[in-house]
Protein chains: 2
Amino acid sequence: MAAKRASIADLAKELNVSISTVSRALNNDPNISVATRTRVVALAQERHYQPNRLAAGLRKGRSNLLGVMVPHIEGAFFAGVMHGIETAATKAGFHVMICQSNEDVHHEKQNIETLLNAQVEGILVSLSRTTHDFKHFEKVRKHGVPLVFFDRILEGTDVNAVVIDDHQAAYQVVQHLIEQGHRRIAHFAGPQHLNIYKNRRQGYLSALYTHGLPVEEELIFTCDMTLDDGVAGMQQFLGLPAATRPDAVFSASDFSALGAMQVLKEQGLRVPLDLALAGFSNELFTSYIEPSLTSVDQRCEQMGQSAVDMFLDMLEVRTDARRTRRIVLQPKVLIRDSSVRHPAA
Amino acid sequence: MAAKRASIADLAKELNVSISTVSRALNNDPNISVATRTRVVALAQERHYQPNRLAAGLRKGRSNLLGVMVPHIEGAFFAGVMHGIETAATKAGFHVMICQSNEDVHHEKQNIETLLNAQVEGILVSLSRTTHDFKHFEKVRKHGVPLVFFDRILEGTDVNAVVIDDHQAAYQVVQHLIEQGHRRIAHFAGPQHLNIYKNRRQGYLSALYTHGLPVEEELIFTCDMTLDDGVAGMQQFLGLPAATRPDAVFSASDFSALGAMQVLKEQGLRVPLDLALAGFSNELFTSYIEPSLTSVDQRCEQMGQSAVDMFLDMLEVRTDARRTRRIVLQPKVLIRDSSVRHPAA
DNA sequence: CTGAAAGCGCTAACAA
DNA sequence: TTGTTAGCGCTTTCAG
């Protein structure tokens, strides 16, 4: 079947008017009589006319495409951000083109190329875990394409970004742990070249410092934040002499916290009585496991929304692209059973 | 900054060759001398030339865009499918444009328009829960754009689709429950205009029938499959006279099963001892809650992959678009603690 | 209010 | 092997 799509030219011929008249009618140009507009619109409807965005885009130098690259789409966080982005972008008349880096710099580079020659008008990125340098993003700048990072950005770079206040969130979690009477608080830390893990670690350290607790290097386990890493980390902690063992663990990710919890259960240790636990990201399962896991809501939808807003701003004021901006969202600590010494009666 | 993007014409002028020569060099056309090709490629690199896909697409009547519409992106299932789609599409040289219907027919209609005039070359759809009729998809057919449904399709329609064998999966789950000694097996059923829920219900009924068990209408609770629905359903079952109460529940979704589990725990009832539970979808949390929840792996990645494959097929043999095809994937039942009477020692 | 015409960047005959 | 030319479908001056 595949009926050839009707074009503006087709409609024009059929109505005996010029191409530009049809175009105007269809684009709500004021310079056109109501009569002709009605005729045009009617026929367009009848012929199931669909404007060709490729052509319009080519002509106007716009594509109405917004590129998004995430490390992966699984998990509550990125799915939530994607939802926020999609909603905001659609409202602003943009289509969202999505791609995943699979936590791999190589993929990341390639995707940048791909997005660029799809003529996206902007790119929103959350870095892959294996990204240590920035060269592939220089190209984006050179092309004058607005670039907004969200959540994961490279430490020490000056880029437009929307992030949450990881430091503050970590600080609050650890402070809460201290208030619950814990004194030897351990930390599962992530790759320190990523802002998020660095800041969470700093927040952890700040809280200890402020409350006069010493920092014990042996209580900081740096890893990739998977469930298995959490298992390994907890096993390592349990291997310490009883006196130096932690009485609480603040993990920079929910998955590692879960791994730790599994180890504790296997060992017959009780959470939070024998050891308190807190994670990060408010993954769906944190509410459902037992005990429920204290975690941090990262405002994912809001983050997607803000990233799109920032992109739209940059689109308007292309000129002072020199000035970098940063939006910092306030996270929300969610206290749950895994960290409360005396659960409410 | 925003250096104007170099075009083929720019390169041509700078090299004193014709536009088509440059085009050929860049597209690996054999009809060109190695020397000129080298020169062209070199300059292209230096000028950070990016082909303009809008222009190429306009000319070739192709966009390299594949549209995907899902009800929402949260949850393990759709995220997994999206991953499969993105991977397969990228390999085939397509970009993925994503949009969500938010389980709302209205949105769904609108998104179809949007995708169509973005000139996508195909559309992959999983229906919104509130979709009861098909009109808005007729338009897609009329435009000759390949349309592939996955997972959720409308009952009684003849469309290209890739689904899992929900009937079979449900049958196996219920059979397993029967083998565990359960005799009064209840069912949380979803909206019956959707194939997936209808088939799961049929599978449930088949299993009962095959094993000589009666169907009790009061043991079938039809709802929207949310966590709250599961709570309500379980409460209703617990309200039945002791003698007619179910001893197992097969829920067509993990969330409802979880809701049921929560109610049981509150009531001090033990799973699976007092009542066995099974869900559907293999949501992440099903492995992590206690007891772990028996569920069904829907082969999400594979589904995405197959949907893209089907689309690619349709692209090639546009002619016999009359013949509809269906790919049926085999699901995998995951037996976990929530349904096993005597857990392995 | 309407039409003619140029051109966005690229590809693909057809010539040379 | 290279160049010339004609559009893909649309927007947008500039004339009328």
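The legends below describe close-up views of a predicted model with two protein chains and two DNA strands. Residues are numbered from 1 along each chain as its sequence is written, and chains are lettered from A and ligands numbered from 1 in the order in which they are written. Because the model is predicted, local features need pLDDT of at least 70 and side-chain atom pairs count only at pLDDT 80 or more, while totals for chains, interfaces and linings use all residues.

**View 1. The protein surface near DNA strand D.** There are 26 residues around this strand, and the nearest are Ile8(A), Ser20(A), Ala55(A), Ser20(B) and Arg59(B) (a residue is near if its C-beta atom, placed from the backbone, lies within 6 Å). Two or more residues each come from α1 (8-15), α2 (19-26) and α4 (53-60) of chain A, and from α2 (19-26) and α4 (53-60) of chain B. Helices (H or I, at least four residues) and strands (E, at least two) are DSSP runs, numbered from the N terminus. The most residues, five, are given by α4(A). The surface near DNA strand D is made of 11 nonpolar, 11 polar and four charged residues. Here Ala, Val, Leu, Ile, Met, Phe, Trp, Tyr, Cys and Pro count as nonpolar, Asp, Glu, Lys and Arg as charged, and the others, Gly among them, as polar.

**View 2. The protein surface near DNA strand C.** Of 25 residues around this strand, Ser18(A), Thr21(A), Ile8(B), Ser20(B) and Ala55(B) come nearest. The elements giving two or more residues are α2 and α4 of chain A and α1 (8-15), α2 and α4 of chain B. The largest share, five residues, belongs to α4(B). By class there are 11 nonpolar, 11 polar and three charged residues.

**View 3. The contact between chains A and B.** In this interface 43 residues of chain A are in contact with 43 residues of chain B (C-beta atoms, placed from the backbone, within 7 Å). On the chain A side, β2(A) supplies the largest share, six residues. That side holds 22 nonpolar, 13 polar and eight charged residues. Strand β2(A) is joined by two bridges to β2 (residues 95-100) of chain B, and the two run antiparallel. In this pair, Met97(A) has Met97(B) as its bridge partner.

**View 4. The sheet shared by both chains.** An open sheet of 12 strands with mixed pairing has the order β11(A)-β5(A)-β4(A)-β3(A)-β1(A)-β2(A)-β2(B)-β1(B)-β3(B)-β4(B)-β5(B)-β11(B) (strands pair if DSSP finds at least two bridges between them). Its edge strands, each pairing on one side only, are β11 (326-329) of chain A and β11 (326-329) of chain B. Within chain B, β4 (residues 147-150) and β5 (residues 161-164) run parallel and are joined by two bridges. Phe149(B) stands opposite Ala161(B) of β5(B).

**View 5. Two helices of chain A, α10 and α11.** The axes of α10 (residues 227-238) and α11 (residues 254-266) of chain A come within 6 Å and cross at roughly 50°. Axes are lines fitted to C-alpha atoms, for helices over the stretch in contact, and angles run from 0 to 180 degrees between N-to-C directions. The crossing angle therefore makes α10(A) oblique to α11(A); angles under 35 degrees count as roughly parallel, over 145 as roughly antiparallel, 65 to 115 as roughly perpendicular and the rest as oblique. Among the residues that meet are Leu227(A) and Val231(A) in α10(A), and Phe255(A) and Leu258(A) in α11(A). The contact contains nine nonpolar, six polar and two charged residues.
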